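Let's take a walk through this structure and look at how two of its parts meet. Keep the 3D view open as you read.

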Amino acid sequence: MRLEPAGEAEACAQIRTLARERMPVRIEGGGTRQAIGRPIQTAATLSSHKLAGITLYEPAEMVVAARAGTPLAELDAALAAKGQMLPFEPPDYRALLGSAGEPTVGGVVAGNLSGPRRIAAGACRDALIGLRFVDGRGELMRTGGRVMKNVTGLDLAKLLCGSWGTLAFLVEATFKVLPRPEAELTLLFEGLPEDRAIALLCAAMGTPYPPSAAAHLPAGVGGTRPRTLLRLEGFAEAIGYRADRLAERLFEYGRCERLEGAASAALWRAIRDVEPLAEPRERAIWRLSLPPRRGAEAVARIRAERACEVLYDWSGGLVWLATEEEEDAGCGLVRSTAAALGGHAMLVRGSRELRLRIPPFHPPAERVRALEAQLQKTFDPLGLFDPGLRAAGI
Amino acid sequence: MTGIAFPAPDPRILARKAEIVAALRRLVSDPEDVIDDPVELAPYETDAFTAYRRLPLAVVLPRSTAEASRVLAYLAREGVKVVPRGAGTSLAGGAIPLEDSVVIGVARMNRVLAIDPLNRTARVEAGITNLAITNAVAEHGFFYAPDPSSQLACTLAGNIAMNSGGAHCLKYGVTTNNLLGVTLVLVDGSVVELGGEALDAPGYDLVGLVCGSEGQLGIVTEAVVRILPQPEGARPVLLAFPSSEAAGACVAEIIAAGILPVAIEFMDNPAIRICEAFAKAGYPVEAAAMLIVEVEGSDREIDAELARITQIARRHGVTTIKESRSATETAQIWKGRKSAFGATGRIADYICMDGTIPTGRLPEVLRRMEEIVRGYGLRVANVFHAGDGNLHPLILYDVNDPEQAARAEAAGADILKLCVEVGGCLTGEHGVGIEKRDLMRHQFTDAELALQASVRRVFDPTEILNPGKVFPLDLRAAA
Ligand SMILES: Cc1cc2nc3c(=O)[nH]c(=O)nc-3n(C[C@H](O)[C@H](O)[C@H](O)COP(=O)(O)OP(=O)(O)OC[C@H]3O[C@@H](n4cnc5c(N)ncnc54)[C@H](O)[C@@H]3O)c2cc1C
């Protein structure tokens with residue numbers, strides 16, 4: 001059965017029916033990330049497809065609201081028309097996951113998905129200022145609002161952002177937005193080994209000229225030579241100045257080239273969407289979140305025991321790692337390495353069998369797991385929403 | 001003021017004071033860290049919401065997470081209410097004790113544990129003051145961005161509990177946007193590490209949930225914060241306008257032009273006069289409204305941005321433009337604004353409201369606020385963060401006149417209802433505490449409040465942490 005409510009009242013009514021019949025559902029936005037998480041089977045799907053459209057846009061207040069099923073592309077176009085953008089550069093994982101469909105506002109919020117600009121401008125959860133959602137009893141709830149500063153009551157938006165549909169059905173999200181930068185410029189350093197590259201990125205992020213993105217592509221990942229990249233954004237004349245200062249400060253790392261306009265944008269789009277690692281398809285893809293300066297160290301430890309290809313974003317704090325699926329895709333090694341260095345790892349792409357065998361989401365500490373399970377019960381007492389997606393049994 | 005009710009103290013707990021104090025003394029390393037003498041307890045009887053006060057049973061000042069855990073576990077087991085406390089600068093009464101409660105203060109846990117410039121993070125104990133973080137990282141060329149005006153005194157623990165903001169949050173965000181991890185002591189004494197030095201944490205965003213939870217989920221003893229590189233420079237410009245409308249329209253156009261200043265502060269005429277009399281900052285006392293707009297970057301960047309800003313201001317009839325030309329002038333311009341609360345306190349008692357509104361409604365809300373307060377026979381002065389619509393109307397009254405005090409409280413409530421009515425909220429950065437507790441139903445439905453209350457009970461099933469705050473006392477628990 002497929003449910004496609006066209007309004008909030010209808011969504012509430014349908015969820016009340018599901019609750020009465022104790023019928024769990026798979027929640028779906030654009031359907032582009034259905035292969036993330038533990039494979040689950042439900043008799044019904046609840047889609048935000050018909051809950052679409054921008055409901056509020058006040059450019060002078062830097063705030064926009066859209067219903068959960070709104071295609072991101074539509075939102076982005078509306079913002080671009082007024083010279084603005086979502087600060088967190090939402091990624092598009094269709095190439096990576098080999099999926100079709102349209103990424104939606106609700107899907108991005110559910111995954112707290114954030115692109116390269118996250119290192120400088122915050123994640124999706126930081127831009128999200130309000131949410132409307134339906135809980136597992138079929139009640140419409142609101143948290144936050146449409147103003148940028150709001151500490152009234154518990155910040156449930158944070159909890160829902162990144163909950164992957166396991167707490168509630170999102171119906172509308174409100175974001176703060178930023179002016180779209182007038183220009184961008186990328187400094188490109190070639191030939192650095194990974195540890196030097198991450199050192200460069202971290203040093204650059206600590207200067208008074210902080211880049212809006214900092215990434216490293218090792219040799220063979222999207223190009224033949226290793227490339228270390230810093231993106232500057234802003235008014236054209238300001239970024240020219242900052243680029244000069246940065247190049248001076250980073251002199252010890254060698255000379256750098258400058259990429260502007262479309263060339264720079266295309267490169268960052270590819271990094272955002274993890275395109276260089278998309279092929280070959282059969283490889284598993286891990287997403288490691290680490291203290292940025294530990295990025296290269298984590299990879300070196302893993303590589304010592306297992307073949308892999310990587311891409312570094314967020315100044316080293318986000319490592320995309322592709323490896324063969326054999327032996328549980330290195331789950332134990334990847335997770336223990338990440339954890340030992342203060343991070344965690346999520347399996348973003350893997351075969352159905354693999355995702356059944358190992359938990360795709362990083363298992364939390366025991367006490368935290370207990371809190372999470374109880375939180376889930378609080379929002380969704382009957383366990384209707386995406387049961388078992390995050391971990392078996394909850 | 002007496003309008004806000006407190007839960008009645010439990011006589012059985014009051015009767016056990018000596019026994020509880022003795023037990024607490026056994027749990028801490030230095031018995032002096034438990035205060036029970038009424039005279040020594042007096043500084044803890046209220047916070048910056050001074051109209052209300054209650055002497056707690058005792059105060060404990062643990063020196064480590066382990067001590068805090070032992071103390072909290074004991075109190076929870078014995079069913080004794082606990083009020084977490086930082087520096088007691090809450091303007092919402094968030095740290096006001098109950099007579100049958102024990103205050104757990106983190107002020108003695110104030111060390112910097114690690115500074116990691118490459119990672120742009122600092123790990124600190126939560127009792128450290130806000131400004132001490134910036135001071136500690138300054139030698140590495142960094143600062144901690146959220147800067148409440150109380151930053152000299154207030155603790156990071158309080159900032160986390162209230163999700164505090166500051167003058168510069170237009171660009172850098174508030175506490176929640178600069179917080180990566182917390183060490184949280186739960187009521188059963190277990191200690192959980194949420195988040196850390198990485199940019200996100202696995203599972204639900206519990207760091208985000210704890211931030212702004214007003215001391216009701218656990219005791220925060222340590223935190224990892226994001227630190228940022230100091231800009232090359234920063235400079236404010238002071239702009240005076242013949243009307244609040246003109247100043248409001250100027251703010252809207254600055255933002256629409258794609259300029260993102262680090263701060264846009266607004267003061268109306270009464271506030272300008274009060275601050276000028278106090279700080280001699282050279283403010284234009286005839287102006288109806290004034291903006292302080294600060295931008296940062298290199299000298300050239302600053303010149304270019306200020307040129308754009310003043311050009312916009314000219315289109316809105318700006319009457320005075322005063323660009324800072326030196327560090328002294330910058331300090332001078334900010335001095336008036338930063339001392340606004342103190343200066344106001346010298347001429348009258350005041351209550352400081354903290355609602356947020358959509359900035360597009362600014363002129364209308366300013367006019368209606370003035371009408372509301374005048375209707376109660378009182379005066380109001382306005383200083384606030386204009387870029388994000390977070391208002392701080394100061395309602396002036398005489399604290400020794402109970403009838404005037406009641407009118408001030410009523411005017412404040414009307415103003416906050418107005419904020420909600422126009423699409424805003426009750427509190428932008430000070431928190432709900434006891435002050436706005438009974439207004440929560442103007443912003444949330446009972447079902448929404450019940451959901452929040454059940455989230456709270458996941459962490460604290462018997463509601464012993466900071467009871468009587470945030471949620472209306474008669475809120476019925478959700479099934
Ligand atoms: C003159 C003045 C100016 C101010 N300016 C600003 C401003 O610009 N921006 C702003 O946002 N606020 C401002 N405030 C309000 C206040 O300073 C903030 O709310 C601040 O964060 C409170 O910190 P504190 O250490 O004093 O906390 P307290 O007042 O002691 O406590 C505040 C809340 O935090 C809880 N709490 C304290 N410690 C812990 C802990 N360890 N674990 C869990 N919960 C805890 C308490 O229970 C209470 O609910 C101002 C206040 C004053 C007096």
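In this predicted model, 17 residues of domain 1 of chain A are in contact with 13 residues of domain 3 of chain A. Where do these domains sit along the chain? The domain assignment puts domain 1 at 2-179 and domain 3 at 277-357, with domain 2 at 183-272. If you look at the C-alpha centres of domain 1 and domain 3 of chain A, you'll find them 27 Å apart.

Now for the surface hidden where they meet. Domain 1 and domain 3 of chain A bury about 1,300 Å² between them, and 63% of that is on carbon and sulfur atoms. Which three residues give the most on the domain 1 side? They're Pro39(A), Leu96(A) and Ile119(A), which together supply 40% of the area that domain 1 of chain A buries against domain 3 of chain A.

What about polar partners and charges? Six residue pairs are in polar contact across this interface, counting pairs with both residues at pLDDT 80 or more. Salt bridges are another story: the rule finds zero of them between domain 1 and domain 3 of chain A.

Next, find the helices on the domain 1 side. Helix H3 (94-97) and helix H5 (118-121) of chain A each supply at least two of the residues that touch domain 3 of chain A. H3(A) gives the most, with three residues. And what kinds of residues make up this side of domain 1 of chain A? They split into 10 nonpolar, five polar and two charged.

How values were computed: Residues numbered from 1 in each chain as written. Chains lettered and ligands numbered in written order. Predicted model: local features only at pLDDT ≥ 70, side-chain atom pairs only at ≥ 80, totals over all residues. Heavy atoms only, no water. Domains from an automatic or database assignment. Contact = heavy atoms within 4.5 Å. Buried area = accessible area lost by both parts, 1.4 Å probe. Salt bridge = Lys/Arg side-chain N within 4 Å of Asp/Glu carboxyl O. Polar contact = N/O pair within 3.5 Å; in protein donor to acceptor, adjacent residues only side chain to side chain. Helix = DSSP H or I, 4+ residues; strand = E, 2+ residues; numbered from the N terminus. Nonpolar A, V, L, I, M, F, W, Y, C, P; charged D, E, K, R; others polar.
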